[in-house]
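Reader: Please take me through one part of this model in detail. I want the open sheet and the helix packing, with cut-offs spelled out.

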Amino acid sequence: MSDPLILGIESTCDETGVALVRGRELLADVTATSMDQYARFGGIIPEIASRAHLESFLPTLDAAALEKADVDLSEIDAVAVCAGPGLIGSLTVGISAAKALAASLGAPIYGVNHVIGHLAVDELVDGPLPERFIGLIVSGGHSNLLSIRDIATDVVELGGTLDDAAGEAFDKVGRLLGLPYPGGPHVDRLSQEGDRSAIRFPRGLAAGKDKERHRYDFSFSGLKTAVARYVESLEDAGRGVPSADVCAAFSEAVNDSLTAKAVQACLDTGCDTLVVGGGYSANSRLRSLAAERCEAAGITLRLPPLRFCTDNGAQIAALGSAAVRSGVAPSPMDFAPDSGMPLDVSVAH
């Protein structure tokens, strides 16, 4: 008997993603984004994002299911949809569409945690996840370390950011330097042209009592302030700002903290695998530094391809498929969107 066919629907922010997964095989993955509509605002406008999901959902569903996967909707065995975290309006659109589909098909529905989905999607590339591993989630809204025994049923949060997330900090520094929205990719690009050792920016929670009290936590707010003061001091003195060096040194500070604590979590818990996911996992220095430090510590590093870093339907379908394989009960039809869905909950009940 073949594995169940899972339809995944992603709508947490400004991407409308639809994917079809059978077991750990990705059959189709289509994403529509409204990102270009926010450049003049310098950030996401929730109402625009919600309306974009309404407009994009059916065309994206048709493109994924009917065109790429060449399956009929009646063949779908279960529907997985992001239940949270995310923008409440965007989540509501996706959940409403998923419930309508599930009801019409007589199929079970799984309201899954899209943050954990950023790790689950790696199964579609690198095969089954190990019995125990550490997950590092890095995105515009999250910087968290998770201890995972079963991605669908046993996830424990070890720590997270006390203020800004890594991706959020990158976007803010990009705005500070006058770079186009979203700033993160532009900061990453400039950082590759600069000297990482030209400026020494602080590492949050890395010394004294904070180092032990917040062993697996992150803080980037002070770093962001240090960058702002450095730039202001140069401007006040009438000197030019070496943007590439600033980006390189800032990037090094963020990625030093993320990778050092992730590797430490692996060593402390006896896990020999680190899985990294989230939009910020596309960052070039994070990927190279994580590879370097994991190799030195004898840890296997699993990083999804760049196309799976940002929000996508494949991650939702992958986590839905994992939930079905683990025998997790479907979500009730009356489950609600949860913009603050905790990271130790993979499926809404």
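Author: Start with strand 9 (residues 273-277), which pairs with strand 10 in the parallel sense over three bridges. Pairing here needs at least two bridges found by DSSP. Helices (H or I, at least four residues) and strands (E, at least two) are DSSP runs, numbered from the N terminus. Leucine 274 stands opposite leucine 301 in strand 10.

This is a predicted model: local features need pLDDT of at least 70, side-chain atom pairs count only at pLDDT 80 or more, and totals for chains, interfaces and linings use all residues. Residues are numbered from 1 along each chain as its sequence is written, and side-chain values use heavy atoms, without hydrogens and water.

Now the whole sheet. It is open, has five strands in the order 8-7-6-9-10, and its pairing is mixed. Strand 8 (154-160) and strand 10 (300-302) are at the edges; each has a single partner strand, so one side of each lacks a neighbour in the sheet. Neighbouring strands are turned by 25° against each other on average, direction ignored. Axes are lines fitted to C-alpha atoms, for helices over the stretch in contact; angles run from 0 to 180 degrees between N-to-C directions.

Helix 10 (residues 284-297) lies across strand 6 (133-138), strand 9 and strand 10. It runs at about 160° to strand 10.

Next, helix 6 (residues 183-191) and helix 9 (residues 243-269). Their axes come within 7 Å and cross at roughly 105°. The two helices are therefore roughly perpendicular, a label for angles of 65 to 115 degrees. Val187, Leu190 and Ser191 in helix 6 meet residues of helix 9, among them Cys247 and Phe250. Contact means heavy atoms within 4.5 Å.

Note on methods: Parallel < 35°, antiparallel > 145°, perpendicular 65-115°, else oblique.
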